[in-house]
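User: I've got this model open and would like to talk through how its helices pack and what sits in its cores. Can you take my questions one at a time?

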Amino acid sequence: MREITPGMGRDNMAVTLPGSKSYSHRLLIAAALAEGESRITGLLRSEDTLLTRDALRAFGAVIEDDGEAMVVTGTGGRLQACAEPIYLANSGTSMRLLTGIAALGQGETVLTGTKRMGERPIEDLLVAMRQAGTPAQCVNPTQCPPVKVTGGHFEGGKVTLDCRISSQFLSSLLLAGPYAPKGIEVTVAGELVSRPYVEITLDIMARFGIEVTHDDFQVFRVAPNQSYKPGTYHCEPDGSNASYFWAAAAVTGKSVKVMNVTKKSRQGDVGLVDVLEKMGCTVTHEDDGTTVTGGELSAVTVDMALMPDVVPTLAVVAAHAKGTTVIENVAHLREKECDRLGCVAVELQKMGIDAVAKESSLEITGGTLTGSEVETYDDHRMAMSFSVAGLTTPGVRILDPGCVKKSFPTYWDVFDSLQ
């Protein structure tokens, strides 16, 4: 347990964050699929990204870490079979992206994880993989991991994919697509949630020399006979993790600058600053970072489909705002590390806030918070979001604070620098 001390130290603060989790996963995968050696700086070293690193090693990539950079000797898209199951804990990004990559293996691969991972649906991705010629199935009759993929049969061609649960299903197929003999053409059925994460995938593929075309994010095409180009790449800081420090400024009235996270970023979660501005904060964009200065907060109604990972952060800010904030179009948050709609509502209610989780939305009426023990549900974003509430409210105690290792192992050190 970690009790948060209310208040922040200086009026103007700046923080520097580790690399983006979303970019780190994709950079490692692209480098592992390249033919030759790549050097990647700025990578996030967290539980989730290291699980991806270790899985890629099991597939045959050679990855060395000198502390400053990871040097990856890729496989050229020819992955070796894995005799033992690959354990991915509760890293949904690792599970989903690597399931598609496993189609390039020469034999059977089993990917498994925690109990919660066994509750997170993945069947829609497997359906599309089977359309592309790869035998892929859930080991248990749950439509959830563990999954078994028999590589060596990935022909590609035209497939239809349901992305209402996760955009990572699409990213998974696109990343593997260049090595399919027919290439791949993916038609998205239904709504494509979290589109900015697909844009990150497209950005990484382009940087590695892979051309992907699309028709207004509905039909995606990757031509065959392309290969990832090795080289030197840099990972930008994490926009999702920036959200906690911008939120800290919002609720305390202070100014916090997150270094090297700018409006040029493709990370959708950087858009949180626009929401905070509508709520009454002042936002300053500079070439070397983005500053939020807190103000008198008012409620907003906002569609957060494009930046779902910062919904818990916004919910805590909304608890400090005048009026009722409505966060819409986020049903897919129920399939994250925890049910992030229901769990956020429960923890805010424990703090005396009127919060209601509906099927696809969250409503929070601002008020006076009271201290409580915050259950984190083994979810890193619950711990970090609710730490912000402790800056204004005595008696906020975060249970299992170590769960932040999933995406931001040094979080508490950076958070403490605010005080």
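What follows is a short run of questions and answers on helix packing, cores and buried residues.

User: Before we start, what kind of model is this?

Analyst: Side-chain atom pairs count here only at pLDDT 80 or more. Local features need pLDDT of at least 70. The reason to keep that in mind is that the model is predicted.

User: How are H7 and H11 oriented to each other, roughly parallel or roughly antiparallel?

Analyst: Helix H7 covers residues 239-252 and helix H11 covers residues 380-389, and their axes lie 8 Å apart. The angle between them is about 20°. Angles under 35 degrees count as roughly parallel, so H7 and H11 are roughly parallel.

User: And what is the hand of the crossing of H7 and H11, and which classes of residue make the contact?

Analyst: H7 passes H11 in a right-handed crossing. From H7, Ser240, Asn241, Tyr244, Ala247, Ala248 and Val251 meet Arg381, Met384, Ser385 and Val388 of H11. Sorted by class, that contact has six nonpolar, three polar and one charged residues.

User: What about H1 and H3: which residues of H3 take part in their contact?

Analyst: H1 and H3 pack at about 20°, with axes 11 Å apart, and that makes them roughly parallel. Their crossing is right-handed. H1 brings Lys21, His25, Arg26, Ile29 and Leu33 to the contact, while H3 brings Thr93, Ser94, Leu97, Leu98 and Ile101.

User: How do the residues of the contact of H1 with H3 divide by class?

Analyst: On the H1 side, Lys21 and Ile29 are among the residues involved, and Leu97 is one of those from H3. The contact divides into five nonpolar, three polar and two charged residues.

User: Which helix gives the most to the largest nonpolar core?

Analyst: That core has 74 residues, and Leu27, Leu170, Leu173, Phe220 and Tyr228 touch the most other members. One helix, residues 21-33, gives the most, with eight residues. That helix is H1.

User: What does Leu27 touch farther along the chain, and how many residues does the second core have?

Analyst: Setting aside residues up to four places away in sequence, Leu27 touches Ile40, Leu43, Ile204, Arg207, Phe208, Tyr233, His234 and Cys235. The second core is separate and includes Ala250, Val374, Leu391 and Phe415. Its size is 73 residues.

User: Which residues of H4 are buried, and which residue follows that helix with a positive phi?

Analyst: In H4 (residues 123-131), the buried ones are Glu123, Leu125, Leu126, Ala128 and Met129. Their cover includes helices H3 and H5, along with strands E8, E9 and E10. After H4 comes a residue with a phi near 100°, and that is Gly133.

User: Is Thr313 buried or exposed?

Analyst: Thr313 belongs to helix H9, residues 311-318. Beyond its neighbours within four places in sequence, it contacts Ser243, Tyr244, Ala247, Leu272 and Ser385. Its relative accessibility is 1%, and under 20% counts as buried, so Thr313 is buried.

User: What separates the C-alpha atoms of Val316 and Tyr244?

Analyst: Val316 is in H9 too, and at 1% relative accessibility Val316 counts as buried. Leaving out neighbours within four places, Val316 contacts Ser385, Phe386, Val388 and Ala389. Val316 and Tyr244 are 72 residues apart along the chain, and their C-alpha atoms are separated by 9.8 Å.

Note on methods. Residues are numbered from 1 along each chain as its sequence is written. Side-chain values use heavy atoms; hydrogens and water are left out. Axes are lines fitted to C-alpha atoms, for helices over the stretch in contact, and angles run from 0 to 180 degrees between N-to-C directions. Helices (H or I, at least four residues) and strands (E, at least two) are DSSP runs, numbered from the N terminus. Angles under 35 degrees count as roughly parallel, over 145 as roughly antiparallel, 65 to 115 as roughly perpendicular and the rest as oblique. A crossing is left-handed if the near helix is turned anticlockwise from the far one by less than a right angle, and right-handed if clockwise. Contact means heavy atoms within 4.5 Å. Ala, Val, Leu, Ile, Met, Phe, Trp, Tyr, Cys and Pro count as nonpolar, Asp, Glu, Lys and Arg as charged, and the others, Gly among them, as polar. A nonpolar core is a set of buried Ala, Val, Leu, Ile, Met, Phe, Trp, Tyr and Cys residues joined through side-chain atoms within 4.5 Å. Buried means under 20% relative accessible area, exposed over 50%, partly exposed in between (1.4 Å probe, protein chains only).
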